[in-house]
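Let us walk through this structure step by step, beginning with its strands and ending with its pockets.

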Amino acid sequence: MTEFKRNRKTRISDNLRELFQEQHLHVTDLIYPMFISEEVDAPQEIKSMPGTYQIPLNSLPQEIEEIQSLGIKAVLLFGIPKVKDAEGNQAYAKDGIVQRAIRQIKQLAPDLIVIADTCLCEYTDHGHCGHINHEGFLVNDASVELSVRTAVSQAEAGADIIAPSSCLDGVAGEIRQALDAAGYTYTSVMGYSIKFASAFYGPFRDAADSAPKMGNRKTYQIPTSNQREALRELNSDIEEGVDMVIVKPAMAFMDMIYQTRQMTNLPVVVYNVSGEYSMIEAAASNGWISKEQIIIELMLSFKRAGADLIITYHAKEIAKLIQ
């Protein structure tokens with residue numbers, strides 16, 4: 001009889017499987033995204049993202065209390081202003097919605113890490129990430145200047161980490177220089193270093209009211225087919241001095257998570273985006289999957305591919321499951 005390799009020996013009981021588990025998920029791996037809105041007076045569920053809400057400032061105390069009770073250490077803030085204009089002025093206003101939210105969170109929970117999304121698509125009346133010309137083309141350098149102003153105002157409000165998500169050429173380096181010049185040397189920059197022009201962002205645009213009114217973002221986000229171009233963008237951000245890098249989306253781009261991990265010793269963050277979240281919610285609501293098992297399996301797969309941290313709308317549920 002052939003002598004088999006008995007690889008099953010390390011998985012024949014619960015205790016053995018736990019003892020030899022290679023990847024582990026911790027609450028401290030999770031970053032919870034939040035939509036802070038001037039348009040609502042009470043938490044309002046986002047139709048395309050069941051279980052996720054737009055939050056007014058007056059509901060922040062309860063939200064932050066729950067987040068802290070679950071052991072989540074970091075939040076990522078997106079703002080939805082009442083007033084939008086061509087230049088996205090509310091993105092860098094001292095009393096802008098995100099700036100006020102940062103100050104409030106830091107009063108409520110000084111040790112909670114606040115990451116500020118630094119982009120203008122939620123604030124412009126055209127839905128693009130900065131300044132557009134008369135042909136509807138996003139002008140890179142003028143848009144970078146607006147992102148820089150936004151970043152400095154967010155740091156001034158108390159943000160711990162600035163996350164420029166526009167994917168403009170040079171934006172990370174310009175923000176780093178501006179933060180240093182303004183005295184925010186220890187405010188980190190989280191680069192959206194690999195961000196694809198993905199259809200998985202659809203529900204987010206409902207949540208943040210940020211869909212482009214004309215055209216699309218394909219001139220400044222990476223084609224979903226292009227690995228080498230994504231790695232060029234990664235290298236550019238590293239050269240510009242980012243402190244950590246993001247791969248976005250996560251689920252459909254595991255190859256890019258793995259390659260990013262091989263190419264840098266910087267912390268690797270993955271963004272489990274709105275479309276990935278909503279597909280799981282839809283399938284679970286129909287009884288087609290075990291949501292809890294799917295979520296944990298997916299998070300562990302991100303860790304296995306090389307992620308250090310995971311931005312996910314399921315963060316609160318995951319925290320409850322693994323506590």
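Strands and pockets

In β6, Ile 162 is the bridge partner of Ala 116, and this contact belongs to a parallel pairing in which 4 bridges connect β5 with strand β6, residues 161-164 (two strands pair if DSSP finds at least two bridges between them; strands are DSSP runs of E with at least two residues, helices runs of H or I with at least four, numbered from the N terminus). The model is predicted, so that local features need pLDDT of at least 70 and side-chain atom pairs pLDDT 80 or more, while totals for chains, interfaces and linings use all residues. Residues are numbered from 1 along each chain as its sequence is written, and side-chain values use heavy atoms, without hydrogens and water.

Strand β5 (residues 113-118) is mostly covered, with 5 of its 6 residues buried, that is, under 20% relative accessible area with a 1.4 Å probe and protein chains only. Strand β4 (residues 74-80) runs parallel to β5 and is joined to it by 4 bridges, and Leu 76 has Ile 115 of β5 as its bridge partner.

The largest pocket (an open set of points on a 1 Å grid over the protein atoms alone, where a 1.4 Å probe fits, with protein on both sides within 12 Å along at least five of seven lines; lining residues have an atom within 4 Å of a point) is lined by 14 residues, and Asn 140, Cys 167, Asp 169, Thr 219 and Tyr 220 lie nearest its centre. Of the 17 residues that line the second largest pocket, those closest to its centre are Cys 167, Leu 168, Val 171, Glu 233 and Asp 237, and β7 gives the most to this lining, with 5 residues.

Terms used
Buried < 20%, exposed > 50% of the residue type's maximum accessible area, 1.4 Å probe, protein only.
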